[in-house]
Amino acid sequence: MTYRTAVGALALIVGHGAVAAETHGTHEHGHAVLKLVQEGAEVVVHFQSPLDSIVGFEHEPENDEQRTALDEAMRTVQVAENIVRLPAVCTLDGEPEVNVPYLGDNDGDDHDKADEHSDTAHAEHESTEDGHDHDTDEHADVHADLEAAFKYRCEDGIEWLEATALATFGGLEEVELQAVGSDATVVETLTPASPRAALTGF
Amino acid sequence: MRSSAILFSLAAKSLLNRRLTAGLTVLSVAVSVALLIGVDRVRTEARTSFTNTISGADLIVGARSGPINLLLYSVFRIGDATNNIGWDSYQEIRARGEVAWTIPISLGDSHRGFRVMGTDDGYFEHYRFARGRALAFSDGDVFVHVNDTVLGADVAESLGYAVGDAIIVSHGIGDVSFEDHDELPFKVTGILARTGTPVDRTVHVTLAGIEAIHSAWATTPRARESVVAAEAVEEELKPDAITACIVGLESRLMLFGLQRFINEYTAEPLMAIVPGVTLQQLWELLGAAEAALLVVSILVVAAGLVGMLTTLLTSLAERRREMAVLRSMGAGARLVFGLLLAEAVLLAAVAALSGVVVVHLAMLAARPLVLAEFGFYLHAGLPGGFDLIVVAAVTGAAGLLASVPAWRAFRLSLADGLTVRT
């Protein structure tokens, strides 16, 4: 089953199903989305990435190596610093909420549902575009996303944000930042070469 | 100081003497400068205006299509919706705990070229523009009855409507309507104060009013009474669907949670966008085109300046005598050099300044057209920093370029102009 810890407002943000991307529009390997929202001193950061870019596969673990990779990913994303860094004036508030698909053995409904979900268009797209040998894979018809949400308190605004996930996970080529504050919005594509965004007006 | 004053007055007089060529040179440089400044102004004005059109809205919900498309048709009335939101889905979103208020939007009709929008009281209460300004009435009040209508400032002004007038709303968005729903006249109950946004060009009616236009209800005797409160016929004229809705949240922290709920909504394919984020994505999309336009206009300025250099060089041949007379009267070679530089700088400065003036006047003139066609308001503000930079750069570049003919004149001997060539 999926490992989840829920804290207040975070409960809504992270998906409930094991395969979070089932009804999502976009899923591009190497491309993660980092959302930040600010209300007064409260800040919520949500990270969503294709599982493939984190652990190198996107299906039920088939051997011990893959199971270890998922456990490792779980441990890594629990630590906010591995995903995102904010100025020192911001302090983490509460536990992170994390969703890593296919984690654990006693799984039931979620995965069956995912496997039934047949989307041939996606399967074709994958096998032609990202070079992975997905079409011989029995799980080729599903996408899976890893998600993590963190809550912060920033009393003096947020001057900048750094997407440390780009350094943590070699499979990530870019992170799209969408930050929404009371007076400002910042949308920026962050890359390993420039992982930091200035949050003017936050 | 004194000598440079003499220099510039000499240059000005010399230019006046050749006013036709000088005038044409000024014209060509002025046009190029106007183009450069115009491109930049329109770019920044469009951004400001789009940003100012909606404020305080957390999400915009519509049928699943493209985020930019949804933003353009719901807020800026540009383009059309691909699909609608079911009334039941709208009610479900509206009833959610994290939702503080909603504004329904129902588009698709027109009145003499102006868009008709069906909405409810929430619009007048919650819609914000230009960093939090609320809508205000310049005359009259909010609609109450099925066939009441509230007009935007431009609609009332250009069609000459006043509170109490009766108007016919028709189906479709063209200027000419073939199928007038003339069974049901609408009464103007209010006129909104000018906002400088597409609101000014919108005819607002109740959601029941939109239904009434399209149903047989309009022909019933009850409709003729024209005092039917919209609420009284709510069930009878309940819409099946709306085009989009604007959502305000109790707390912004719930933003991405609700967005996800709507994007994953299973009863029908819906999409929720954060207006600010989508607007940024739109700018990103337009960024390359804007940069290309800017580069082209910079090149046009360069072409204008090269044209000026050509004119100066050609005129040198004709002015051998003028130079020689100056030299024979005691002017040094340096003065001749300075004179040509001063001429070029004067020409360029006059041209650049006229370019700035022209572009600001043109924007003032184009404002109504741009608002009508593209949905944004061109503020003809005072010349800003960019204008100053352009004027300084063009003048500086002209001075630099003019050093070529000036150097040639400097090198010409005194005898050159006085000797008659055979």
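What share of the contacts in chain A with a separation of 6 or more comes from residues 24 or more positions apart?

This is a predicted model, in which local features need pLDDT of at least 70 and side-chain atom pairs count only at pLDDT 80 or more, while totals for chains, interfaces and linings use all residues. Residues are numbered from 1 along each chain as its sequence is written, and chains are lettered from A and ligands numbered from 1 in the order in which they are written.

**Exercise 1. Describe the two chains by contacts, burial and secondary structure.**

Solution.
- Step 1. Two residues are in contact if their C-beta atoms, placed from the backbone, lie within 7 Å. In chain A, residues 24 or more positions apart supply 72% of the contacts with a separation of 6 or more.
- Step 2. For chain B, 80% of the contacts between residues at least 6 apart in sequence join residues at least 24 apart.
- Step 3. A residue is buried if 20 or more other C-beta atoms lie within 10 Å of its own, exposed if 12 or fewer, and partly exposed in between, with C-beta atoms placed from the backbone. Chain A has 202 residues, of which 44% count as buried; chain B has 422, of which 39% do.
- Step 4. Helices (H or I, at least four residues) and strands (E, at least two) are DSSP runs, numbered from the N terminus. Chain A has 6 helices and 9 strands, and chain B has 14 helices and 14 strands.

**Exercise 2. Find the pairing partners of strand 5 of chain A, and state how far this strand is covered.**

Solution.
- Step 1. Strand 5 of chain A spans residues 145–154, and 9 of its 10 residues are buried.
- Step 2. Two strands pair if DSSP finds at least two bridges between them. Strand 2 (residues 42–50) of chain A is antiparallel to strand 5 and joined to it by 9 bridges. Within this pairing, Pro50(A) has Asp145(A) as its bridge partner.
- Step 3. Strand 3 (residues 90–92) of chain A also runs antiparallel to strand 5, with 3 bridges. Here Cys90(A) lies opposite Cys154(A).
- Step 4. Strand 4 (residues 97–99) of chain A pairs with strand 5 over 3 bridges, in the antiparallel sense. Glu97(A) is set opposite Ala149(A).

**Exercise 3. Locate Val37(A) and decide whether this residue is buried or exposed.**

Solution.
- Step 1. Val37(A) belongs to strand 1 (residues 31–39) of chain A.
- Step 2. Val37(A) has 25 other C-beta atoms within 10 Å and is therefore buried.
- Step 3. Leaving out residues up to four places away in sequence, Val37(A) touches Val44(A) and Val180(A) as well as Arg252(B), Leu253(B), Leu255(B) and Phe256(B).
- Step 4. From Val37(A) to Pro50(A) the C-alpha distance is 21 Å, for 13 residues in sequence.

**Exercise 4. Characterise the contact between the chains from the side of chain B.**

Solution.
- Step 1. Chain B and chain A contribute 14 residues each to the contact.
- Step 2. On the side of chain B, helix 9 (255–263) and helix 10 each supply at least two residues.
- Step 3. Ala, Val, Leu, Ile, Met, Phe, Trp, Tyr, Cys and Pro count as nonpolar, Asp, Glu, Lys and Arg as charged, and the others, Gly among them, as polar. The side of chain B that touches chain A has 6 nonpolar, 5 polar and 3 charged residues.

**Exercise 5. Compare how helix 13 of chain B packs with helix 10 and with helix 2 of chain B.**

Solution.
- Step 1. Axes are lines fitted to C-alpha atoms, for helices over the stretch in contact, and angles run from 0 to 180 degrees between N-to-C directions. Helix 10 (residues 275–318) and helix 13 (residues 385–411) of chain B have axes that come within 10 Å and cross at roughly 25 degrees. These two helices of chain B are therefore roughly parallel (angles under 35 degrees count as roughly parallel, over 145 as roughly antiparallel, 65 to 115 as roughly perpendicular and the rest as oblique).
- Step 2. The residues of this contact between helix 10 and helix 13 of chain B comprise 15 nonpolar, no polar and 1 charged.
- Step 3. Helix 2 (residues 19–53) of chain B packs on helix 13 of chain B at an angle of about 150 degrees, with the axes 10 Å apart. Helix 2 is therefore roughly antiparallel to helix 13 of chain B.
- Step 4. The contact of helix 2 with helix 13 of chain B has 7 nonpolar, no polar and 2 charged residues.
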